[in-house]
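User: Hi! I have a new structure open and I'm not sure how to read it. Could you walk me through it?

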Amino acid sequence: MLMAAEKGDITTIIGGIAPDWGPFGNLGNEARVMIEVVMAVAILLCLGIAIWGAAKQRIGATALRDTFSAEQGKGLIIAGLTGVFIIGSLGTLFTIVYGMAV
């Protein structure tokens, strides 16, 4: 009887799926940490914009009856959440594009 997976462990399976930083694979550890910190700050900034937009929409729609402020809040929410999605998926996008080019 032949077993499908005799040797190895879960890291051999996951290691084939996990991104390898694509074109940034040769960067040093410090450079990777700096890229991660910049991306984390950008995500936090985008989340702050979305929260500010939610507050602006809520205050404009109920307390002040200001429709312009409510519409502006909707725009800020959409912009903030879109930024979070784009920044969060940059690593995957870079890896896919780099992998297709190679």
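**Walking through the model**

Analyst: Happy to! Let's start with one residue: glutamate 36 has a relative accessibility of 43%, so glutamate 36 counts as partly exposed. Keep in mind that this is a predicted model.

User: Where does glutamate 36 sit?

Analyst: Glutamate 36 is part of helix 2. In space, its C-alpha atom is 9.8 Å from that of glycine 91, although 55 residues separate the two in sequence.

User: OK, stepping back. How many helices and strands are there?

Analyst: The chain has four helices and zero strands. Written in sequence order, that gives the pattern α-α-α-α.

User: And how much of the chain is buried?

Analyst: Of the 102 residues in the chain, 14% are buried.

User: Which residues in helix 3 are buried?

Analyst: In helix 3 the buried ones are Ser69, Ala70, Gly73, Ile77, Gly80, Gly83 and Ile87. If you look down the axis of helix 3, these buried residues fall within an arc of 150 degrees, so they line one face of the helix.

User: What is on the other side of helix 3?

Analyst: There you find Thr67, Phe68, Ile78 and Phe85, which are exposed.

User: Why does phenylalanine 85 count as exposed?

Analyst: Exposed means over 50% relative accessible area. Phenylalanine 85 has 61%, so it is exposed. You can also find a partner for it in space: the C-alpha atoms of phenylalanine 85 and isoleucine 43 are 8.6 Å apart, with their positions 42 residues apart along the chain.

User: What span should helix 3 have?

Analyst: Helix 3 covers residues 67-88, which is 22 residues. At 1.5 Å a residue they should span 32 Å, and the end C-alpha atoms are 32 Å apart, so the two values agree.

User: Nice. Changing topic: how many salt bridges does the structure hold?

Analyst: It holds one salt bridge. The partners are the side chains of glutamate 71 and lysine 74, at 3.3 Å from N to O.

User: How are those two placed in the helix?

Analyst: Glutamate 71 and lysine 74 are three residues apart in helix 3, so about one helical turn separates them. Here is the general idea: an α-helix has 3.6 residues a turn, so residues three or four places apart point the same way.

User: Are glutamate 71 and lysine 74 buried or partly exposed?

Analyst: Glutamate 71 is partly exposed at 48% relative accessibility. Lysine 74 is partly exposed too, at 37%.

User: What about glutamine 72?

Analyst: Glutamine 72 also belongs to helix 3. With 36% relative accessibility, glutamine 72 counts as partly exposed. Try finding alanine 54 from there: the two are 18 residues apart in sequence, and their C-alpha atoms are 9.7 Å apart.

User: Back to helix 2. Which residues make the nonpolar surface patch?

Analyst: Val33, Val37 and Val41 make that patch, and its area is about 240 Å². Valine 33 lies in helix 2, which runs over residues 29-63. Its relative accessible area is 42%, so valine 33 is partly exposed.

User: Which residues does the "transmembrane region" annotation cover?

Analyst: According to the unreviewed UniProt entry, the "transmembrane region" annotation covers residues 33-55 and 76-101.

User: And what does the span 33-55 look like in the model?

Analyst: Residues 33-55 are 100% helix and 0% strand. The C-alpha atoms at the two ends of this span are 33 Å apart.

User: One last residue: where is alanine 42?

Analyst: Alanine 42 lies in helix 2. At 24% relative accessibility, alanine 42 counts as partly exposed. Its C-alpha atom is 9.6 Å from that of glycine 88, and the two residues are 46 apart in sequence.

User: Thanks, that helps a lot!

How values were computed
Residues are numbered from 1 along each chain as its sequence is written. This is a predicted model: local features need pLDDT of at least 70, side-chain atom pairs count only at pLDDT 80 or more; totals for chains, interfaces and linings use all residues. Side-chain values use heavy atoms; hydrogens and water are left out. Patches are made of residues with over 30% relative accessible area and no salt bridge: like charges are joined within 9 Å, nonpolar side chains (Val, Leu, Ile, Met, Phe, Trp, Tyr) within 5 Å. Accessible areas come from the Shrake-Rupley method with a 1.4 Å probe; for residues, only the protein chains shown count as cover. A salt bridge is a side-chain nitrogen of Lys or Arg within 4 Å of a carboxyl oxygen of Asp or Glu. Buried means under 20% relative accessible area, exposed over 50%, partly exposed in between (1.4 Å probe, protein chains only). UniProt positions are given in the numbering used here, feature names are shortened, and annotations may be inferred rather than shown by experiment. The expected span of a helix is 1.5 Å times one less than its number of residues. The arc is that of the directions from the helix axis to the C-beta atoms.
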